[in-house]
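The following paragraphs walk through one protein structure, from the whole chain down to a few single residues. Please keep the sequence and the 3D view at hand while reading.

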Amino acid sequence: MSFSAAGGTPFISILEPTPLTWDKHLPPSEQPNLSTIPRTFIDAMTVRTEVFVREQGVPQENEFDADDARSAHWVIYASVNQTISPAITDPTTGEILRPRQSETRSVPIGTVRLVPFPHPPHPQPGGVYVDGELVSDSGGGDSKDEAAGAEPSPTITTTPTTNTVLPPFHPDRPTTYHDGREPYVKLGRLAVLRAFRGRGIAAQLIRTAIDWMRKHPRYFDPSPRSAGFERLGMEESTSSSSASGSGDASGLPPRWEGLFCCHAQETAVKVYETCGFKVDEGMGRWMEEGIWHVGMFLRVEVEKEGV
């Protein structure tokens with residue numbers, strides 16, 4: 001079966017944070033509990049597997065991570081005319097004995113996710129990361145030769161993921177656009193199938209996620225009643241002052257105030273820049289799964305909910 005890249009107007013589906021059972025060692029089509037997994041997430045992982053695993057060489061077991069269950073995911077679809085069976089012709093006369101059979105289907109062509117705070121510390125400049133773990137630190141250097149010589153990470157045995165563990169909320173090192181304390185949300189896992197690139201689809205996904213977050217600024221703010229201050233790495237305070245962005249000045253939970261971050265592959269910097277992101281020189285550059293990345297930030301004005 002083959003398909004043409006020409007299709008109708010794309011549409012976008014969102015999956016809000018959802019508990020997931022996913023065996024990170026298996027591709028989407030081989031997951032043992034497909035009937036229990038949201039279709040949107042299966043489609044997101046199908047695109048990610050095609051782009052990151054098959055095209056870029058990221059190990060299958062490193063593609064899914066603990067952030068997937070707590071993230072919002074967007075998938076963009078296109079109506080694609082797919083050939084079910086080719087035409088059959090008479091080899092002697094060229095007469096068509098059976099015409100080509102085709103049908104139009106909606107297929108996933110791109111995806112992005114939005115990870116809420118808190119986050120692990122900013123990557124180390126010049127560091128080499130495998131499956132989210134720092135395996136080599138060049139001491140802040142910027143040498144590709146040093147990074148390329150890093151030892152591979154050890155084999156990690158895991159079981160299917162059914163929940164997620166939040167990283168602690170604590171101060172980070174300050175960078176050019178981040179003071180090290182303010183909560184931010186992180187865009188990532190941006191992927192578009194090769195046949196559909198160059199059409200503005202990646203930027204459309206980014207802007208859709210940004211617009212959704214602007215309209216739901218309190219969506220990821222933790223509740224003391226449900227999460228608890230201890231779980232957030234904070235101590236409860238009797239202070240009546242207003243909540244600060246960092247969440248630790250008054251003892252109140254952190255609040256998101258419009259700051260986005262992304263860990264962008266260097267080849268994707270321009271598409272993020274078209275959406276307003278700026279490269280954070282203070283974060284440096286680092287390698288994830290053999291691919292050089294840089295940090296970028298964007299600040300937006302948030303909308304008042306209910307308006």
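The model shown here is predicted. A good place to begin is the protein as a whole. The protein contains four helices and 13 strands. Of its 307 residues, 44% are buried. The exposed surface of the protein comes to about 15700 Å², and carbon and sulfur atoms supply 51% of that area. Among contacts in the protein with a separation of 6 or more, 70% are between residues 24 or more positions apart.

With this outline in place, single residues can be looked up in the view. Start with Ser13, which lies in strand 2, the run of residues 11–15. Ser13 has a relative accessible area of 19%, and because the limit for buried is under 20%, Ser13 is counted as buried. Which residues does Ser13 touch, leaving aside those up to four places away in sequence? They are Thr40, His73, Trp74, Val75 and Tyr77. With one of these, Thr40, Ser13 also shares a polar contact: their side chains are joined at 3.1 Å.

The next stop is Arg70. This residue sits in a loop, with helix 1 (39–55) on one side and strand 3 (72–85) on the other. Is Arg70 buried or exposed? Arg70 counts as buried, because its relative accessibility is 7% and the limit for buried is under 20%. The side chain of Arg70 has a partner in Pro118: it reaches the backbone oxygen of that residue at 2.7 Å.

The last topic is the cysteines. How many disulfides does the structure hold? The number is zero. Cys261 shows why a bond is missing at its position: the closest cysteine sulfur, in Cys262, is 6.1 Å from the sulfur of Cys261, which is too far for a bond. The cut-off that matters for this step is 2.5 Å, since a disulfide needs two cysteine sulfur atoms within that distance. Cys275 is likewise in no disulfide, and for Cys275 the nearest cysteine sulfur is that of Cys262, 9.5 Å away.

Burial can be read for these cysteines as well. Cys261 is buried, with a relative accessible area of 0%. Cys275 has a relative accessibility of 13% and therefore counts as buried too.

Technical notes. Residues are numbered from 1 along each chain as its sequence is written. This is a predicted model: local features need pLDDT of at least 70, side-chain atom pairs count only at pLDDT 80 or more; totals for chains, interfaces and linings use all residues. Side-chain values use heavy atoms; hydrogens and water are left out. Helices (H or I, at least four residues) and strands (E, at least two) are DSSP runs, numbered from the N terminus. Buried means under 20% relative accessible area, exposed over 50%, partly exposed in between (1.4 Å probe, protein chains only). A polar contact is a pair of N or O atoms within 3.5 Å; within protein, one must be able to donate a hydrogen and the other to accept it, and residues adjacent in sequence count only if both atoms are side-chain atoms. Contact means heavy atoms within 4.5 Å. Accessible areas come from the Shrake-Rupley method with a 1.4 Å probe; for residues, only the protein chains shown count as cover.
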